[in-house]
Amino acid sequence: MRLCINPACPIPDHPDNDNYLTCQGCGSELLIDGCYTVTKLLSDSGGFGIVYEVKNPAGQAKILKILKQELNEDSKAVSLFQQEAFVLGQIEHAGIPKIETYVHHTLEDGKMLHGIVMQKIEGLNLEQWINQRQKQPIAQKRAIVWLRQLVEILALVHSKGYLHRDIKPANIMLSPSGQLVLIDFGTAREATHTYLAKIGGVEGVTSICSVGYTAPEQEKGFAVPQSDFYALGCTMIHLVTGKYPLDTYNANLDIFEWRSYASEVSEELGDLIDALIARKPSDRPINCESVLKILKDIEQIDKLAPSGKFNSKRKSIKKAIKDSSRKPTSPILLTGSIVVAAVLGISIGTAIKVSAIGNFEEISLQLPVFQQKRLTPLRFLQGHTDTIQSVALSPDGKTIASASDDGTVKLWELEGENSNPIREIKDQGGWVRAVVFLSDRQIITAGQDKNIKIIDIASGKVLKTLSGHTNLIDNLAIAPASDLLASGSYDNTVNLWQISTGKLEHSLKEHTDKVLGVAISPDGKLVVSASRDKTLRIWDVKTGETLKILSGSLAPVTCVLITPDGKHVISGGNDKLIRIWDVASGKQIFTLSGHDDAIGAIAISNDGNYLFSGGKDNSNSIRLWNLQTKSLVWNLIGHNDMVTSLIITLDQLKLISSSQDKNIAIWEIPKH
């Protein structure tokens, strides 16, 4: 029977649904993503989502997890939900469910549901499994096999830069093949410089807690890789004793007294489990490889005859367990409150990308390596020595230009592996705040010296200088087909120039504070300006008159664009909101919320359906929005300071971003 997943449907299992593509109870579409048929409700008791069984066109059973509809407006909840799809999508292993797709399902009333379709793991989770056998402890041989499988899975997860943060029997499935499968990556976290700064005491972070399994430091919001080892050790206590871990805990001594309930567990395996659940992260094994080596040694004991070699092997295991917590040399050693430099990462939801080792007085970091997958920068362009304020793309789509407060414009190749500039043009006038391409051979720049310069790229020669502003010029917009250039300045004015002659056509002076953004309509008839005075103005290019004042922003407006159809203005600013305005009426239509800090840049797809926004958030600094559904689609992380400029390539396949962190990032735009 086809089920309807509309939470408001009065008859989700309407008997006639099998004969139609729309629900006979509410009218919503029944097929998910156009191909998955919902056949069974598996669980609706989770805090985040509802779980269904679905069938693909081939009749294979899959799992569909749907974010509860009431959480759709909660950007944090959406990010947490997307986290699972993101983490699973990066990892291929028999012990991790395979992600098939992330879906958006629109209901009859226009509301949208977020969903994840993934591999269905047949079998029971370990909590169900051990309860089914009347809580009988598992034998040492099985314990070693299972512990090895789980550590191998964790080794892969950690190598990709993630922590799971919620390992427990209920989140481990036993498949028919005997392979354990680690599930529920919705609480995984990726540790960037921001997270590590937080665990150093600057501020707290989200705490994920499963009582009886969660490490003490994680309960306080300070998870590190060894926190997963603690949860794994508590899980093994549950399995080898048949008892919930806290049932063996002696509060007076602050220890787990579990060994008397696990008579079949050897001293060596017991020592390893105790090392996993050490109170201090620094006393736990340093990494998965050290645990796997100890497990291999424990297995070899049974193969040795009772001899000196046997005893010698035991001694070597004890030494290995003791040595497993020692910290290796690593590229960066952080102490005290943790000051992190040059560590870039990607983050979403509550996951942690970490290579932090040890306790909080001494944490060793290894620089994370970016994987070329969606949401991850394909590469960084580095070479500027100060904030990059603006980037532009040449008309042929091959060359990037960047303007920086270091007084230079640098030219870069968009394609290829070369991450060094192919040309540098030095400006004698101080900061360069804006750059646009006039042609593949010429750029226009502006900045601190109050002048606009048309420059030949090959020679670096200034071909023409446009003067008229009385303060720093912060932004430029160009419409070559209309022979029009617009400039916004700290002198509170917008100037409109005829490019071919350099003539100043209009100086628009009605803003009462700095102009921080300008945009030109597709037909070249309108200019929109954004200002520190918290307003936007729509100007008539021909007359220079103000046609509309867009009011309602609660803080300075920093960036603005006009949609490709010319009907709407989109703005972002220091009030953390993206606002969509109607050009004809000047009225605000709706807002998009989700940024945690000021917004510095926006860019729109050529079909007008998707918007990128970049800000100063501590995480999720670039966001991709679906303007049709008014929802956050995905997050792109790589910069560690305010995003200052965003450009979508001509083929709509890549995004170029710049930041106050002095880096340019090139991203593959995720499929949405």
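## A hairpin to start with

Strands β27 and β28 form a hairpin, with four residues between them. Gly-502 sits in the turn and has a positive phi of about 80°. This is a predicted model, and the hairpin is part of that prediction.

The two strands of the hairpin are β27 (residues 494-498) and β28 (residues 503-508). They pair in the antiparallel sense, over five bridges. One opposite pair can be picked out: Leu-496 faces His-506 of β28.

## How confident is the prediction?

The chain has a mean pLDDT of 83. A pLDDT of 70 or more is reached by 84% of its residues. Some stretches fall well short of that. Across residues 190-207 the pLDDT is below 50. Even so, this stretch has 58 contacts in the model beyond near neighbours in sequence.

Residues 327-374 also stay under 50 in pLDDT. For them the model has 162 contacts beyond four places in sequence. Where pLDDT is low, the predicted coordinates should not be read in detail.

## The sheet from β17 to β20

Four strands make an open sheet in the order β17-β18-β19-β20. The pairing is antiparallel. The edges are β17 (388-393) and β20 (423-426). Each edge strand has a single partner strand, so one side of each is left without a neighbour in the sheet. On average, neighbouring strands here are turned by 20° against each other, direction ignored.

Now look at one edge of this sheet. Strand β19 (residues 408-413) is joined to β20 by four bridges, and the two run antiparallel. Leu-411 has Arg-423 in β20 as its bridge partner.

## The sheet from β33 to β36

Another open sheet of four strands has the order β33-β34-β35-β36. Its pairing is antiparallel. Here the edge strands are β33 (557-562) and β36 (588-593), and each pairs on one side only. The average turn between neighbouring strands of this sheet is 20°, direction ignored.

Move in from the edges to β34 and β35. Strand β34 covers residues 568-573, and strand β35 covers residues 577-582. Five bridges join these antiparallel strands. His-568 stands opposite Asp-582 in β35.

## Helix α3 against α6

Helix α3 (residues 140-159) packs with helix α6 (residues 225-241). Their axes are 11 Å apart, and the angle is about 160°. Because angles over 145 degrees count as roughly antiparallel, α3 is roughly antiparallel to α6. In passing α6, α3 makes a right-handed crossing.

Which residues meet here? From α3 come Ala-143, Trp-146, Leu-147, Leu-150, Val-151, Leu-154 and His-158. From α6 come Pro-225, Asp-228, Phe-229, Leu-232, Met-236, Leu-239 and Val-240. By class, the contact of α3 with α6 has 12 nonpolar residues, one polar and one charged.

## Helix α3 against α8

Helix α3 also packs with α8. The axes of α3 and α8 come within 9 Å and cross at roughly 160°. That makes α3 roughly antiparallel to α8. The crossing of α3 past α8 is left-handed.

On the α3 side, the contact is made by Gln-140, Ile-144, Leu-147, Arg-148, Val-151, Glu-152, Leu-154, Ala-155 and His-158. On the α8 side, it is made by Cys-288, Glu-289, Val-291, Leu-292, Leu-295, Ile-298 and Glu-299. The contact of α3 with α8 counts 10 nonpolar, two polar and four charged residues. Leu-147 of α3 is listed in this contact, and Leu-147 is also listed in the contact with α6.

## Helix α7 against α8

Helix α8 has a further partner here. Helix α7 (residues 267-276) and helix α8 (residues 288-301) have axes that come within 10 Å. Those axes cross at roughly 165°. That makes α7 roughly antiparallel to α8. The crossing of α7 past α8 is left-handed.

Glu-268, Leu-269, Leu-272 and Leu-276 of α7 make the contact with Val-291, Ile-294, Leu-295, Ile-298 and Ile-301 of α8. How many residues of the contact of α7 with α8 are nonpolar, polar and charged? Eight are nonpolar, none is polar and one is charged.

Technical notes
Residues are numbered from 1 along each chain as its sequence is written. This is a predicted model: local features need pLDDT of at least 70, side-chain atom pairs count only at pLDDT 80 or more; totals for chains, interfaces and linings use all residues. Side-chain values use heavy atoms; hydrogens and water are left out. Two strands pair if DSSP finds at least two bridges between them. Axes are lines fitted to C-alpha atoms, for helices over the stretch in contact, and angles run from 0 to 180 degrees between N-to-C directions. Angles under 35 degrees count as roughly parallel, over 145 as roughly antiparallel, 65 to 115 as roughly perpendicular and the rest as oblique. A crossing is left-handed if the near helix is turned anticlockwise from the far one by less than a right angle, and right-handed if clockwise. Contact means heavy atoms within 4.5 Å. Ala, Val, Leu, Ile, Met, Phe, Trp, Tyr, Cys and Pro count as nonpolar, Asp, Glu, Lys and Arg as charged, and the others, Gly among them, as polar. pLDDT is the predictor's confidence in each residue, from 0 to 100.
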